[in-house]
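Here are some worked exercises to go through with the model open in your viewer. Try each task yourself before reading its solution.

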Amino acid sequence: SYTTDTKSREENKKTIESLYSLSVDITKIRRLKEWVLLQDVTYVKEIAGILKEMGADETTVASIIERCPEAILHTPAEVNSQRALWQLVCQNEKQLIKLIEQFPESFFTTEYHQNQKANILFFQELGLKNNIITRFLTSAPNIFCNPVEKNKNVIETLQRNYLNLGGSEANMKIWILKLLSQNPFILLNTSTAIQENLEFLQKNDFTDQEVLQLLSKLKGFIFQLNSTTMQKSMLFSKNVFKCSDQELKQLVLKCPALLYYSVPVLEERLEGLLKEGISVAQIRETPMVLELTTQIVQYRIKKLSALGYDIKSGNLESLNGTKKDFEVTYGKIQSKKERPVFNPVAPLHIED
């Protein structure tokens, strides 16, 4: 409704003047969200006042409003309620204002205030540390829009399945908290979807222990999939690697990405590796290489080739892992290359 009749409406002069007085770059707002400037009622001075009260200087206030112009449409009461809410998990106002500066849109999402509050309290009861909850508030604000009952339901489903799969009561809390902190978006799934995905793995002959292993390895991403895409990905891998069901299962346990990535993604990554002269047999030996994008693989092969390391005849393990892992491997290969090939203490055999 805001954007339909912008042409016929004029900018609110009072809003413009107030923003000028705060040194806000109005051209930025015009370019990004001009409709904010057309609203009859805004709270520029009041919102700036609250932010300053929390310790923000003028530059910070201007930056917050430029990046999230909707901030000036919220009433002071709404913003103060949100401030009190975030203070439940922030150490102090200094940390709070830093978070608002980095993630203004997350802070100024005030429509689900009651749900946000109930979920914060629920996460605290569950045992999540405040620094993890603040990370959720900024990077996964959607999970706080859910009614708390829905989030509780998903957690209960996970707990029940963890115990059914043979997980121990003693480790359950740690497992749940780790899963949540790695991937809070599992809360956006339904309990039914979670149940169906676990049943799919069991129908494909993964033992309870193996299903638990996959859940931990996939950091909960398995709950964002569905049985159809998993089935297609597994079938694709089976055809590519020409393996039996049992061998495929072992490959998936070694590299859960074979289950997680869609067929087009796997196809693209496989083609990228084959173009570099790597064989299907090598990939089957080290399937984890499919977790890397084609660009990363090309970059790493280039770096290793510069050291004289031939990836076609060697092991693909050297390509694997995070950026940090690769740098360690690269460093080892480099130092090996730079080491003298002769033994300085061995006697020299000089021909006459």
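**Exercise 1. Find the loop that holds Lys242, then describe the backbone and exposure of Lys242.**

Solution. Keep in mind throughout that this is a predicted model.

Step 1: Lys242 sits in the loop that joins H14 to H15.

Step 2: The phi of Lys242 is positive, about 45°, although Lys242 is not a glycine.

Step 3: The relative accessible area of Lys242 is 72%; the cut-off for exposed is over 50%, so Lys242 is exposed.

**Exercise 2. Do the same for Ser23: give its place, its phi and its exposure.**

Solution. Step 1: Ser23 lies in the loop between H1 and helix H2 (26–33).

Step 2: Its phi is near 60°, a positive value in a residue other than glycine.

Step 3: With a relative accessible area of 54%, Ser23 is exposed.

**Exercise 3. Check the length of H14 against the expected span, then work out how its buried residues are arranged.**

Solution. Step 1: H14 has 15 residues, which should span 21 Å at 1.5 Å a residue. The end C-alpha atoms of H14 are 21 Å apart, in agreement with that value.

Step 2: The buried residues of H14 are Met230, Ser233, Met234, Phe236, Ser237, Val240 and Phe241.

Step 3: Around the axis these buried residues cover an arc of only 160°, which puts them on the same side of H14.

Step 4: A general rule helps in reading such a pattern: an α-helix has 3.6 residues a turn, so residues three or four places apart point the same way.

Step 5: Turned away from the buried side of H14 is a face that carries the exposed residues Lys232 and Asn239.

Step 6: As for partners, the buried residues of H14 pack against helix H12 (191–203), helix H15 (245–254), H16, H17 and H18.

**Exercise 4. Repeat the analysis for H17, and say what comes after this helix.**

Solution. Step 1: H17 covers residues 263–275, 13 residues in total. From first to last C-alpha, H17 reaches 18 Å, close to the 18 Å expected at 1.5 Å a residue.

Step 2: Buried in H17 are Leu266, Arg269, Leu270, Gly272 and Leu273.

Step 3: Seen down the axis of H17, the buried residues fall within an arc of 155°, so they line one face of the helix.

Step 4: Pro264 and Lys275 are exposed on the other side of H17.

Step 5: The buried residues of H17 pack against helix H14 (227–241), helix H16 (257–260), helix H18 (280–285) and helix H19 (294–306).

Step 6: After H17 comes Gly277, with a positive phi near 90°.

**Exercise 5. Is Arg269 buried or exposed, and which residues does Arg269 contact?**

Solution. Step 1: Arg269 belongs to helix H17.

Step 2: The relative accessibility of Arg269 is 11%; the cut-off for buried is under 20%, so Arg269 counts as buried.

Step 3: Leaving aside neighbours within four places in sequence, Arg269 is in contact with Tyr261, Leu290, Glu291, Leu292, Thr293 and Thr294.

**Exercise 6. Place Thr15, decide whether Thr15 is buried or exposed, and list its contacts.**

Solution. Step 1: Thr15 is part of helix H1 (residues 13–21).

Step 2: Its relative accessibility is 1%, so Thr15 counts as buried.

Step 3: Not counting residues up to four places away in sequence, Thr15 touches Leu37, Gln39, Thr42, Val44 and Ile72.

**Exercise 7. Describe how H4 packs with H6, then characterise the buried face of H6.**

Solution. Step 1: Two packed helices are described by the angle between their axes and the distance between the axes.

Step 2: Helix H4 (residues 58–67) and helix H6 (residues 93–102) pack at an angle of about 40°, and their axes are 9 Å apart.

Step 3: That angle makes H4 oblique to H6.

Step 4: Thr60, Ile64 and Arg67 of H4 make the contact with Ile100, Glu101 and Gln102 of H6.

Step 5: Sorted by class, the contact of H4 with H6 has two nonpolar, two polar and two charged residues.

Step 6: In H6, the buried residues are Leu96, Ile97, Leu99 and Ile100. Seen down the axis of H6, they fall within an arc of 160°, so they line one face of the helix.

Step 7: Lys94 and Lys98 are exposed on the other side of H6.

Step 8: The buried residues of H6 pack against helix H3 (44–53), H4, helix H5 (76–86), helix H7 (104–107) and helix H9 (130–139).

Technical notes. Residues are numbered from 1 along each chain as its sequence is written. This is a predicted model: local features need pLDDT of at least 70, side-chain atom pairs count only at pLDDT 80 or more; totals for chains, interfaces and linings use all residues. Side-chain values use heavy atoms; hydrogens and water are left out. Helices (H or I, at least four residues) and strands (E, at least two) are DSSP runs, numbered from the N terminus. The expected span of a helix is 1.5 Å times one less than its number of residues. Buried means under 20% relative accessible area, exposed over 50%, partly exposed in between (1.4 Å probe, protein chains only). The arc is that of the directions from the helix axis to the C-beta atoms. Contact means heavy atoms within 4.5 Å. Axes are lines fitted to C-alpha atoms, for helices over the stretch in contact, and angles run from 0 to 180 degrees between N-to-C directions. Angles under 35 degrees count as roughly parallel, over 145 as roughly antiparallel, 65 to 115 as roughly perpendicular and the rest as oblique. Ala, Val, Leu, Ile, Met, Phe, Trp, Tyr, Cys and Pro count as nonpolar, Asp, Glu, Lys and Arg as charged, and the others, Gly among them, as polar.
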